[in-house]
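Thanks for coming, everyone. I'll walk through the contacts in this one, side chain by side chain. Please have a look at it first.

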Amino acid sequence: MERGAGAPTEIDLTAAAFFDVDNTIMMGASIFHFARGLAARKFFSNSDLAKFALQQVMFRVGGRETADGIRSSREQALSFVAGHTVAELTTLGEEIYDELMADKIWPGTRALAQMHLDAGQRVWLVTATPVELATIIARRLGLTGALGTVAESVDGVFTGKLVGEMLHGPAKAHAVRSLAAKEGLDLRRCTAYSDSSNDVPMLSVVGTAVAVNPDSGLRELARKRGWEIRDFRTGRKAAKIGVPSVLGAGAVAGAVAAGLAYRKRAV
C-alpha cells in the first residue's frame, strides 16, 4: 500500500506522529510474520515455529515482563541475526512483506498515518522489531522512516551484538525524545499511537496519545487520562487477533531466535 497522491502540502516542521507497529499498524507481530516467511523457506520447521510461539504466548499470558525476560529475549534475538548478512535479511524482508504482511495492515491505522502525512507532518514507526524490517514497512507505507532495534554489523554481516538496547518500553520514549531534539520537533505538538501498556512511556512524552486496539491495561489507563481510543477490531476478528496481541515484539523475536538456534544445533 503506497502513499496516496494529492496536492502539495505545506510542510509542518515541528509536529510529527509516532506509531508502534505490532497490533497497532499491523495485525499481529511483524517479527512473527517474518518468522513464518523464514519457516516457509526452510530456515526452520513450521512445527518448531508453532512450539516456540506457544511457549512465548504462555509466558506473556501467565506472567509479567521482567528484566530477566527482556534480557533473555535480547540474547535470543542476537542469535537470530548473528552470521546472517544485512543484505540477505533485507531481501527476505522485502519478499515476506509482500507475501505475509501487506494484507495485515490495519486500514484504520493506515488512514490515521495518512492524515498526518496529508497535514504535512512526518510519520515514524517506533518498534522493537529490527530496524531493517521496520524500515521496509515504513517505506512501503510511504512513511518518513522507522526507529527500531539495531543489531551491530561488520562488513555487512551481523555480529550478534546490539547497538544500544532493544527498543522496548522506556527505550522508545528515549528514542522519540532524541529524534525530536535532532529534528527540531515540539513534542507537545506530536502524536503517538500504540496498542500496548508497555508503550505508556512513549505515549506520555507527546502532547496527544492515542490507544489503538489497546490491551486491557492501556485501555484502562487511556480512560483515566482521557486519551483517545481507536479500536479497529470487531466481533470474531477481535477475538482472533487477541492471542497474537500478547506476543510482544521482544518475546516473539525470542521465539524466532530460538527456532534458528535450534536449526543450527540440528545441522
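Which residues are linked in a network of salt bridges? The answer is E94, D98, R139 and R140. By salt bridge I mean a side-chain nitrogen of Lys or Arg within 4 Å of a carboxyl oxygen of Asp or Glu.

Two ground rules before I go on. Numbering runs from 1 along each chain as its sequence is written, and side-chain values use heavy atoms, with hydrogens and water left out. This is a predicted model, where local features need pLDDT of at least 70 and side-chain atom pairs count only at pLDDT 80 or more, while totals for chains, interfaces and linings use all residues.

Back to the charges. Side chains of opposite charge can pair when their charged atoms come close. Searching the whole structure turns up 15 salt bridges. Take R189 and D12, whose closest N and O atoms are 2.9 Å apart. R189 sits in the loop between helix 7 (170-183) and strand 6 (191-194), and D12 in the segment before strand 1 (16-19), so this pair ties together parts that are 177 residues apart in sequence. Helices (H or I, at least four residues) and strands (E, at least two) here are DSSP runs, numbered from the N terminus.

Is D12 buried or exposed? D12 is buried, at 17% relative accessible area. R189 is partly exposed, at 40%. The cut-offs: buried is under 20% relative accessible area, exposed is over 50%, and partly exposed is in between, with a 1.4 Å probe and protein chains only.

Next, R41 and E95. Their side chains meet in a salt bridge, 3.1 Å from N to O. R41 is in the loop between helix 1 (30-40) and helix 2 (46-62), E95 is in helix 4 (residues 86-101), and the pair links distant parts of the chain, 54 residues apart. R41 is partly exposed at 24%. E95 is partly exposed too, at 34%.

One more salt bridge joins D186 and R188, again 3.1 Å from N to O. D186 is partly exposed at 22%. R188 is exposed at 72%.

Now the rings. A pair of aromatic rings is described by the distance of the centres and the angle of the planes. How many aromatic pairs does a search of the whole structure find? It finds 2. The rule: rings of Phe, Tyr and Trp (its six-membered ring) pair if their centres lie within 6.5 Å; planes under 30 degrees apart count as stacked, over 60 as edge-to-face and the rest as tilted.

F18 and W124 have ring centres 6.1 Å apart and planes at 20°, so the pair is stacked. F18 lies in strand 1 and W124 in strand 2 (residues 122-130), so the contact ties together parts 106 residues apart in sequence. Both have low numbers for accessibility: F18 is buried at 0%, and W124 is buried at 7%.

Then F19 and Y193. Their centres are 4.1 Å apart and their planes at 5°, so this pair is stacked as well. F19 is in strand 1 and Y193 in strand 6, distant parts of the chain, 174 residues apart. F19 is buried at 0%. Y193 is buried at 3%.

On to the cavities. A cavity is a set of points, on a 1 Å grid over the protein atoms alone, where a 1.4 Å probe fits but cannot get out; lining residues have an atom within 4 Å of a point. The count is 3 cavities of 30 Å³ or more. The second largest has a volume of about 90 Å³, a volume being the space filled by probe spheres set on the points.

What lines the second largest cavity? There are 12 residues, and F34, L89, P130, E132 and L133 lie nearest its centre. Helix 1, helix 3 (67-81), helix 4 and helix 6 (131-140) each give two or more residues to that lining. By class, the lining has 9 nonpolar, 2 polar and 1 charged residues. Nonpolar covers Ala, Val, Leu, Ile, Met, Phe, Trp, Tyr, Cys and Pro; charged covers Asp, Glu, Lys and Arg; the others, Gly among them, are polar.

Last, helix 4 again. E99 lies in helix 4 and is partly exposed at 46%. The C-alpha atoms of E99 and F34 are separated by 9.7 Å, with their positions 65 residues apart along the chain. That's my tour; questions, please.

Methods:
1 Å grid on protein atoms, 1.4 Å probe; cavity = no way out; pocket = protein on both sides within 12 Å on 5 of 7 lines; lining within 4 Å.
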